[in-house]
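Here are some notes to read alongside the sequence and the structure. Please look at the whole fold before turning to the details.

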Amino acid sequence: MTVKTVILIAVIYFIIINIISSALAIADKRKARKEEWRISENTLMLFGLIGGAIGEYLTMKRIHHKTRHKKFMIGLPLEFLLHIVIIILIISKVAA
């Protein structure tokens, strides 16, 4: 696989997973307002870990959801940094 192909696949994946993660954060906020069964914090963090951290973080900041939870306000940016490191390692491996 070429570097361009790997980058394209990664970009498409990250766009999709970030849209899903953002949608989950919005859905959880709506459920909280309606006092309905919520999306678990573990699920939200898992979607951040598998690639949706930046979208979920920005969405939570925008809609003021879980902004008092250090687990999210520190954890999601750390997950995003982990994603950057992984992408750099993958690209350097493919380029080699």
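1. The protein has three helices and zero strands, so it helps to begin with the order of these elements, which from the N terminus on is α-α-α. Please keep in mind throughout that this is a predicted model.

2. On overall dimensions, the C-alpha atoms fill a box of roughly 50 × 20 × 20 Å when it is taken along the principal axes. Of the 96 residues in the protein, 30% are buried. Among the contacts with a separation of 6 or more, 65% are made by residues 24 or more positions apart.

3. Helix H2, which covers residues 41–63, deserves a careful look. Although H2 has 23 residues, its end C-alpha atoms are only 16 Å apart, whereas a straight helix would reach 33 Å at 1.5 Å a residue. When you trace H2 in the model, look also for a kink of about 125°, which is centred on Gly52. Just after H2 comes His64, which takes a positive phi of about 55°.

4. Which residues of H2 are buried? They are Leu44, Met45, Gly48, Gly51, Gly52, Ala53, Gly55, Glu56, Tyr57, Thr59 and Met60, so that Gly52, the centre of the kink, is itself on the list of buried residues. What covers the buried residues of H2 includes H1 and H3.

5. Thr59 makes a good single example, since its place is in helix H2. Thr59 counts as buried because its relative accessible area is 12%, and the cut-off for buried is under 20%. If neighbours within four places in sequence are left aside, Thr59 is in contact with Ser22, Ala25 and Ile26, residues that fall within the 3–33 range of helix H1.

6. The largest pocket has a volume of about 190 Å³ and is lined by 14 residues, of which Ala10, Phe14, Ile86, Ile87 and Ile90 lie nearest its centre. Helices H1 (3–33), H2 (41–63) and H3 (70–95) each supply at least two residues of this lining, and H1 gives the most, with six residues.

7. What is the character of the lining of the largest pocket, in terms of nonpolar, polar and charged residues? It divides into twelve nonpolar residues and two polar ones, with no charged residues.

Key. Residues numbered from 1 in each chain as written. Predicted model: local features only at pLDDT ≥ 70, side-chain atom pairs only at ≥ 80, totals over all residues. Heavy atoms only, no water. 1 Å grid on protein atoms, 1.4 Å probe; cavity = no way out; pocket = protein on both sides within 12 Å on 5 of 7 lines; lining within 4 Å. Points joined across faces, edges and corners; volume = space filled by probe spheres on them. Helix = DSSP H or I, 4+ residues; strand = E, 2+ residues; numbered from the N terminus. Nonpolar A, V, L, I, M, F, W, Y, C, P; charged D, E, K, R; others polar. Buried < 20%, exposed > 50% of the residue type's maximum accessible area, 1.4 Å probe, protein only. Contact = heavy atoms within 4.5 Å. Expected span 1.5 Å × (residues − 1). Bend = angle between axes of the 7 residues up to and from the residue.
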